[in-house]
Amino acid sequence: MIKSVDLTRIFLTEEVETTALRQVNFNIEQGEFVAIMGPSGCGKSTLLNIIGLLDNPTKGKYIFLDHDVSNSSERQRAKLRKQNIGFVFQNFNLIDELTVFENVEMPLIYLGIPTKERKQRVDEVLEQMQISHRKKHFPGQLSGGQQQRVAVARAVVSNPKLILADEPTGNLDSANGEEVMNLLSDLNRKGTTIIMVTHSQRDAEFSHRIIRLFDGQILTENFQGN
Amino acid sequence: MLSAIRNMAKIKFYSALNIIGLTVGLVTFILIFLYVRDEITYDRHHKNYERIYRIESSFRIGTKYDNFAIVPLPMAPALQLEFPEIEQVVRFAGEENLLVRIGDKEYYEDHFYYTDSTVFDVFNHPLLAGSIDRCLVEPNSIVLTNSSAKKYFGNENPIGRIVLVDNDIQFKVTAVVADVLENSHLKFDALMSASTLAHRPGGEDFNSLDPERFWNIGLYAYVMLNPNSNIESIFGKFPQFYEKYMKSLGDQLNASFDLKATRLDKVHLTSKLAADLPTGNIAYIKIFSIVALFILLLATINYMNMATARATKRAKEVGLRKVVGAERRQLIVQFISEALLLTFIAYLLSLALTSVLLPDFNTLSGKAFTLSGIATPDFLLLIFGISVVIGIISGSYPAFYLSSFSPLKVLKGNAGKSGKANQWLRRGLVLVQFFIAIVMIIATIVVSDQLDFLKNKDLGFDKNHAVVLEMQDTSFRKQAVAFKDHLLQNPSIVSVCNSSGVPSRNLWIQVMLVEQENEMKEMAVILTQCDYDYPKTMRFKFLEGRDFDRNMGTDDTAAVIINQTAAKQFGWGEEAIGKKINYGMELDRSGGRIMKVIGVVKDYNFNSLHNKIEPIIMFISRQPRFLTTVRYKEGEKNRVLESIEQAWTEFGSKRPFDYKMLSEMQEESYGAEQRISTLFLIIASITLFIALLGLLGLSSFTAESRTREIGIRKVTGALTGDIMLLLFREFFWLILISFVFAVPVAIWQITNWLESGFVYYTEIHWYSVVISGLAALVIGLATISFHVVRAASANPVESLKYE
């Protein structure tokens with residue numbers, strides 16, 4: 001599903017050149033649940049951004065669903081992204097001015113799905129995340145765990161092939177964190193590929209494979225027995 | 001204050017927007033202020049202005065009422081004789097286009113007046129040379145203004161020098177006075193002693209109280225009352241005066257007269273009389289004053305808008321300051337001093353800009369402001385004071401708003417996310433700005449439509465390809481027929497006519513007898529005396545009857561052509577042909593020239609389109625008249641003018657060759673509209689500019705404050721285009737709502753203007769309104785596009801990382 005060849009990302013500021021990723025090679029198959037771990041500044045987020053088609057590599061190849069997107073335009077990447085990828089963030093990144101329903105509905109609007117179908121799908125996914133009773137509320141009125149469930153709902157509502165989660169439990173207490181991890185595992189069991197950046201060993205336990213990054217390079221890849 | 005400067009430097013973009021906006025607002029305000037102040041202080045430099053009145057005439061002739069700025073010759077001296085309230089009087093009889101010779105140099109002057117010797121008792125004109133006491137007592141005395149003296153005599157001493165007027169009157173310079181101040185309604189270049197006229201054979205006797213003289217109006221007159229008298233008491237006693245001097249002849253003429261008067265300082269702005277000197281227009285003064293305040297308001301709004309918009313960024317600063325012990329009062333002072341600093345910079349810039357723009361502004365306004373004239377300490381202080389007030393007002397809202405942030409909330413990162421109310425306030429302010437800008441754009445378009453209309457309306461005669469010559473020189477005028485025949489030899493000339501008036505130059509009105517239901521009734525009717533070729537040359541369209549015809553034999557004495565309105569108002573309807581008009585009868589109705597209507601022409605606008613068409617009649621003149629009109633073939637103008645000039649010289653006119661295009665004579669009446677049109681364009685541009693600054697500020701704020709939301713939307717699938725649409729849509733609605741409010745207001749105001757100023761006016765085209773809305777929209781969206789595009793195309797990774 002995902003293949004990277006000598007993936008390198010260099011950031012240029014006025015005077016400093018920072019290499020965030022150094023010739024990274026990996027493959028991720030459809031249906032996998034991969035955790036990316038490593039200390040702060042090791043390049044986890046950069047890698048996730050490239051995987052999520054939010055950023056382009058400086059050098060190397062990145063193949064996503066058989067498309068070589070290493071040098072795609074922003075527009076092409078955005079199109080691929082909205083059809084195939086859902087994001088879950090540590091800080092939820094919900095829009096405060098929109099209701100729970102509207103937040104979850106957003107990806108479907110950008111996919112051009114008709115109103116009626118949107119409503120049905122949003123209701124379904126809210127039901128699935130057990131947050132239906134809060135659909136008219138604004139994010140500010142919800143607890144962190146509830147907000148993250150909304151964010152997950154938003155990520156999955158368009159039935160993406162891949163979900164990228166950036167420290168999804170970082171802002172949650174352990175009970176709520178566990179709940180979110182269970183949701184992700186459920187999704188993975190139903191066939192969605194999940195790539196997750198995390199600091200937490202406990203969260204990483206939910207994955208099939210852990211990629212450890214250090215200074216922009218892959219240190220180890222551990223396959224976990226199911 | 002230090003923090004104010006630092007903060008300003010930090011946010012260059014907003015500071016620049018604010019300073020530019022405030023500067024433009026202030027400059028506009030200053031210029032309009034200068035203009036308005038000048039207009040409303042007309043003639044106040046005369047010490048006694050509060051007891052000087054210009055006397056004016058209200059005539060009734062038959063059923064026709066007319067008000068004039070000029071009065072009968074003997075009115076002022078007779079009033080002085082009868083009313084002890086009057087301390088002094090002075091009269092000004094103007095002469096237009098006067099030929100003045102100094103040695104072998106010739107000048108044509110428009111502002112020479114025959115004046116009573118009492119002039120300097122009434123008006124204050126500083127003396128520069130000679131003696132003021134008896135300077136206009138002797139016949140053939142002349143007082144020059146400083147500029148005239150310089151023009152005629154350079155640096156030589158003008159006193160005692162000779163000025164030859166109209167080829168035969170010699171004047172001796174007895175005094176030189178300072179130039180008449182620009183804000184005087186009566187501006188003269190020279191004053192000639194009225195006694196000159198009285199002593200000339202056949203000249204008008206200035207001082208005769210003969211009853212007939214009371215029924216001819218002809219000059220401007222001013223009365224200065226005693227300090228404790230008032231004009232009402234003269235009005236109260238005027239009926240007895242009328243009885244004594246005017247009634248018997250008035251009754252014979254079926255006419256009456258009433259005295260009017262306007263205090264000196266009110267003449268310029270309130271007078272709306274016939275035969276007046278150029279006056280101002282109080283309506284425009286009101287419009288401009290309102291506009292000046294609005295523009296200032298817009299600039300102030302911008303400041304408040306941008307300052308509160310920045311609240312998000314400032315919130316943390318406020319919170320920290322509060323945590324380290326700043327009191328709210330101190331914070332308020334800080335924010336207001338920031339605003340004051342900006343307005344002070346704008347104040348300095350606006351003074352500089354004003355001085356740069358002054359010459360152009362003079363051209364536009366017809367004023368003559370000088371830098372030294374306006375830069376008086378009290379003026380500078382006033383503008384400074386206004387700047388300070390603006391600074392305090394515009395700083396106060398942000399000051400109170402920003403200083404109210406609770407430090408706890410701010411530091412937790414919750415405050416300064418500018419709540420919904422604040423957001424609506426900011427939008428509301430921009431809405432008001434666009435509302436004003438769109439009103440101004442619509443007004444500008446309609447005013448310019450009206451100008452086009454004025455210039456292009458079918459006037460009922462052909463104003464193009466015709467040149468009008470004034471035959472001032474009487475001996476030249478006597479040869480008018482030969483001159484005409486000579487011109488007609490030129491194949492490029494289509495026709496030539498001679499007449500007492502042409503459309504837009506028709507001042508002759510006289511009482512005549514008009515046939516009505518088998519009796520002859522007195523009526524005051526406008527007339528043109530002309531030759532056989534006048535209707536043909538003007539290309540009037542005949543609705544009934546025929547044109548003058550030399551072969552008829554009697555047309556030279558017994559034929560009259562009237563216009564449609566005359567036929568209607570005389571009650572003749574469709575049966576005008578053959579009806580009788582008696583012109584030039586004696587007071588006892590004997591004698592006169594009895595003429596029959598031979599033709600009715602389609603109404604033509606013989607006045608500007610401010611006026612409705614009145615009855616006018618034309619008949620053959622017994623002698624050559626003042627105006628000769630030459631119609632030529634299209635494209636032959638220059639060649640024809642050359643040959644006219646040649647003939648002009650050959651016929652020995654003592655006046656240099658001069659001409660006017662018939663089309664321009666009509667358009668001259670629209671100078672005010674032309675000027676208003678230009679002014680509206682400028683004002684509309686300024687209001688739009690300030691509104692755009694406001695929009696720019698708001699859009700940059702919106703883009704900034706929505707960065708995170710944009711990032712989220714992009715990550716969840718929005719393309720750059722989707723985001724741009726989202727941002728544009730918000731501003732689109734804002735402008736659309738302003739438009740919806742602006743349209744009825746603009747249409748209402750502009751309809752008022754059209755209806756009050758014109759009898760004939762353009763309709764307000766729907767597309768003018770739509771264009772103005774579209775213009776505001778396109779320009780508005782273009783203005784915000786920079787921020788929108790930048791915000792929409794930013795990489796979401798960046799915006800989300802900041803969280």
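How many of the eight residues of helix H1 of chain A are buried? This is one of the things to look for in the close-ups below, which come from a predicted model.

**View 1. Helix H1 of chain A, residues 44-51, sits inside its chain.** Eight of the eight residues here are buried, so H1(A) is largely enclosed by the rest of the structure. Going along the helix, you'll meet Lys44(A), Ser45(A), Thr46(A), Leu47(A), Leu48(A), Asn49(A), Ile50(A) and Ile51(A), each of them buried. Keep going just past the end of H1(A) and you reach Leu53(A), whose phi is positive, at about 65°.

**View 2. Chain A, zoomed out for context, has seven helices and ten strands.** Its radius of gyration is 17 Å, close to the 17 Å the globule rule gives for 226 residues, so chain A is as compact as a globular protein of that length. Along the principal axes, the C-alpha trace covers about 50 × 35 × 35 Å. Buried residues account for 44% of the 226 in this chain. If you like contact maps, take the pairs at least 6 apart in sequence: 67% of those contacts in chain A join residues at least 24 apart.

**View 3. Chain B meets chain A through 15 residues of chain B and 17 of chain A.** On the chain B side, the elements that put in two or more residues are helix H25 (707-715), H26 and helix H28 (796-801). H25(B) gives the largest share of that side, with four residues. By class, the chain B side splits into seven nonpolar, four polar and four charged residues.

**View 4. Helices H26 (residues 720-757) and H27 (residues 766-793) of chain B pack with their axes 9 Å apart.** The angle between them is about 150°, and H26(B) and H27(B) are therefore roughly antiparallel to each other. Their crossing is right-handed. From H26(B), the contact takes in Thr720(B), Ile723(B), Met724(B), Leu727(B), Phe728(B), Phe731(B), Ile735(B), Phe739(B) and Val743(B). Facing them from H27(B) are residues including Val769(B), Gly773(B), Ala776(B), Leu777(B), Gly780(B), Leu781(B) and Ile784(B). Don't go hunting for salt bridges in this contact: the tally is 17 nonpolar, four polar and no charged residues.

**View 5. Helices H2 (residues 12-40) and H24 (residues 671-705) of chain B cross at roughly 160°.** Their axes come within 10 Å, and the angle makes H2(B) roughly antiparallel to H24(B). This crossing is left-handed. H2(B) brings Phe13(B), Tyr14(B), Leu17(B), Ile20(B), Gly21(B), Val24(B), Gly25(B) and Thr28(B) to the contact. H24(B) answers with Ile686(B), Phe689(B), Ile690(B), Leu693(B), Leu696(B), Gly697(B) and Ser700(B). Sorted by class, that's ten nonpolar, five polar and no charged residues.

**View 6. Chain B, the setting for the two helix pairs, holds 28 helices and 25 strands.** Taken along the principal axes, its C-alpha atoms fill a box of roughly 105 × 65 × 55 Å. Of its 803 residues, 40% count as buried. For contacts in chain B with a separation of 6 or more, 82% are between residues 24 or more positions apart.

Note on methods:
Residues are numbered from 1 along each chain as its sequence is written. Chains are lettered from A and ligands numbered from 1 in the order in which they are written. This is a predicted model: local features need pLDDT of at least 70, side-chain atom pairs count only at pLDDT 80 or more; totals for chains, interfaces and linings use all residues. Axes are lines fitted to C-alpha atoms, for helices over the stretch in contact, and angles run from 0 to 180 degrees between N-to-C directions. Angles under 35 degrees count as roughly parallel, over 145 as roughly antiparallel, 65 to 115 as roughly perpendicular and the rest as oblique. A crossing is left-handed if the near helix is turned anticlockwise from the far one by less than a right angle, and right-handed if clockwise. Two residues are in contact if their C-beta atoms, placed from the backbone, lie within 7 Å. Ala, Val, Leu, Ile, Met, Phe, Trp, Tyr, Cys and Pro count as nonpolar, Asp, Glu, Lys and Arg as charged, and the others, Gly among them, as polar. The radius of gyration is taken over C-alpha atoms; the globule rule is 2.2 Å times the number of residues to the power 0.38. A residue is buried if 20 or more other C-beta atoms lie within 10 Å of its own, exposed if 12 or fewer, and partly exposed in between; C-beta atoms are placed from the backbone.
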